[in-house]
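Here is a short set of exercises to work through with the model open beside you. Try each task on your own before you read its solution.

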Amino acid sequence: MVEVAAQAVIKEERPTAPMRTETFRQTRPDIAGPDAPELPFPIVLSGTVQYGFGRGGKDLGCPTGTPSLTMQSSCLTCTLQANLPDESITPMSSVTQTGVYYGYAQISPEKNGQIVLSEKDRGVMPMVMSLGWNPFYKNERLTAEIHLMHDFDSDFYGHEMKALVLGYIRPELDYTSREGLVEDIETDKRVALKSLARLAYEKFKSDPIFDTTQPKL
Ligand code: ADP
Ligand code: MG
């Protein structure tokens, strides 16, 4: 049985991620999720992009913005605060397995009341999201890290990020090598793009949560 995050959270010990195996790599499908999003998707997620914990997203070719989160799914609404040590994990985690997800995200152009994001960086971008236990907090806190599949002109710490999570790709895995991890991240991006290219997913690019007055790419 798949353990949901809410079950994991009440345990004293965190689940250890399964080791990534050669077999898993060879059998990874190139599309994930059903033909159209099913509950609990779509999950709306928004928050200000925080500094992460220097785990080297950029070094791995995959910078990930970490929003302080407000999440909503069509079946519930609640808040999950990332990066705030005195906040506790909230019920959103009860519908959400840890692992890698795909969807769309948009960064707001302004920071501190000033428009600072390049025009080309303001659109709705495909994204991959890793939801996991953050080792910085001794694995006591769930953190969402979002990589937008777009080449940004600048960092966007402090900006609002809105995301629509539409599907699940795979569970978290442990890696014996950096190459194995990088390879899986690259596969995740390909799987996300292919999964999102389906009509029932693509239409969420113009969902009303996004600012569609921004130029589209
Ligand atoms: P951190 O540990 O602070 O999260 P990362 O190496 O993961 O550092 O880099 C994340 C930061 O990189 C984001 O907060 C954002 O400002 C910037 N960034 C630039 N391009 C992207 C992108 N395509 N997706 C996500 N973040 C990006
Ligand atoms: Mg990061």
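The exercises below go from the overall fold to the ligand site and then to some local details; please keep in mind that the model is predicted.

**Exercise 1. The overall layout**

Task: Work out how many helices and strands the chain has, and in what pattern they follow each other.

Solution: Start with the count. The secondary structure comes to four helices and ten strands. Next, read along the sequence: the pattern is α-α-β-β-β-β-β-β-β-β-β-β-α-α. To finish, look at burial over the chain, where 44% of the 217 residues count as buried.

**Exercise 2. The shell around the ligand**

Task: Find which residues come nearest to ligand 1, and describe the shell by class.

Solution: Step one is to collect the shell, which holds 18 residues. Gly52, Thr64, Leu148, Phe156 and Tyr157 come nearest to the ligand. Step two is to sort the shell by class: nine residues are nonpolar, seven polar and two charged. Step three is to ask which element gives the most to this shell, and that is strand β9, residues 142–148, with three residues.

**Exercise 3. Polar contacts of the ligand**

Task: Identify the backbone atoms that lie within 3.5 Å of a nitrogen or oxygen atom of ligand 1, taking Thr64, Leu148 and His150 in turn.

Solution: Begin with the oxygen side of the ligand. A backbone N or O atom of Thr64 is 2.9 Å from an oxygen atom of ligand 1. Then turn to nitrogen: a backbone N or O atom of Leu148 lies 2.8 Å from a nitrogen atom of the ligand. His150 also offers a polar backbone atom, at 3.1 Å from a nitrogen atom of ligand 1. Now add the surface. Taken alone, ligand 1 exposes 560 Å², and the protein buries 91% of that.

**Exercise 4. Strand β9 and its neighbours**

Task: Decide whether the faces of β9 are covered or open, and then trace how β9, β8 and β5 pair.

Solution: Take one side of β9 at a time. Leu142, Ala144, Ile146 and Leu148 on one side are buried, and so are Thr143, Glu145 and His147 on the other. Seven of the seven residues of β9 are therefore buried, and the strand is largely enclosed by the rest of the structure.

Now move to the partner. β8, residues 125–133, pairs with β9 in the antiparallel sense over seven bridges. Two places let you check the register: Met127 has Leu148 as its bridge partner, while Val128 has His147. Leu148 is also the residue whose backbone lies 2.8 Å from a ligand nitrogen.

Continue to β5. β5 and β8 run antiparallel and are joined by seven bridges, and here Val100 stands opposite Ser130. β8 itself is mostly covered, with eight of its nine residues buried.

**Exercise 5. A glutamine in β5**

Task: Is Gln106 buried or exposed, and which residues does its side chain contact?

Solution: First place the residue: Gln106 is found in strand β5, residues 99–107. Its relative accessible area is 6%, which is under the 20% cut-off, so Gln106 is buried. Next, follow the side chain. The side chain of Gln106 reaches the backbone oxygen of Arg122 at 2.9 Å. A polar atom of this side chain also lies 2.8 Å from the backbone nitrogen of Asp211.

**Exercise 6. Backbone exceptions**

Task: Locate the cis peptide bonds before Pro40 and Pro42, and examine the phi of Asn112.

Solution: Recall the usual case first. Most residues other than glycine have a negative phi, and most peptide bonds are trans. Against that background, the bond from Leu39 to Pro40 is cis, with omega near 10°. The bond from Phe41 to Pro42 is cis too, with omega near 0°. Pro40 lies in the loop between α2 (22–26) and β1 (43–50), and Pro42 lies in the loop between α2 and β1 as well.

Asn112 is not a glycine, yet has a positive phi of about 50°. Asn112 is found in the loop between β6 (110–111) and β7 (114–115). With a relative accessible area of 76%, Asn112 is exposed.

**Exercise 7. The span of helix α3**

Task: Check the span of α3, residues 178–196, against what its 19 residues should give.

Solution: At 1.5 Å a residue, the helix should span 27 Å. The end C-alpha atoms of α3 are 27 Å apart, which agrees. As a last step, mark the buried residues of α3, among them Gly180, Asp184, Ile185 and Asp188.

Key. Residues are numbered from 1 along each chain as its sequence is written. Chains are lettered from A and ligands numbered from 1 in the order in which they are written. This is a predicted model: local features need pLDDT of at least 70, side-chain atom pairs count only at pLDDT 80 or more; totals for chains, interfaces and linings use all residues. Side-chain values use heavy atoms; hydrogens and water are left out. A residue is near a molecule or strand if one of its heavy atoms lies within 4 Å of it. A polar contact is a pair of N or O atoms within 3.5 Å; within protein, one must be able to donate a hydrogen and the other to accept it, and residues adjacent in sequence count only if both atoms are side-chain atoms. Accessible areas come from the Shrake-Rupley method with a 1.4 Å probe; for residues, only the protein chains shown count as cover. Ala, Val, Leu, Ile, Met, Phe, Trp, Tyr, Cys and Pro count as nonpolar, Asp, Glu, Lys and Arg as charged, and the others, Gly among them, as polar. Buried means under 20% relative accessible area, exposed over 50%, partly exposed in between (1.4 Å probe, protein chains only). Two strands pair if DSSP finds at least two bridges between them. The expected span of a helix is 1.5 Å times one less than its number of residues.
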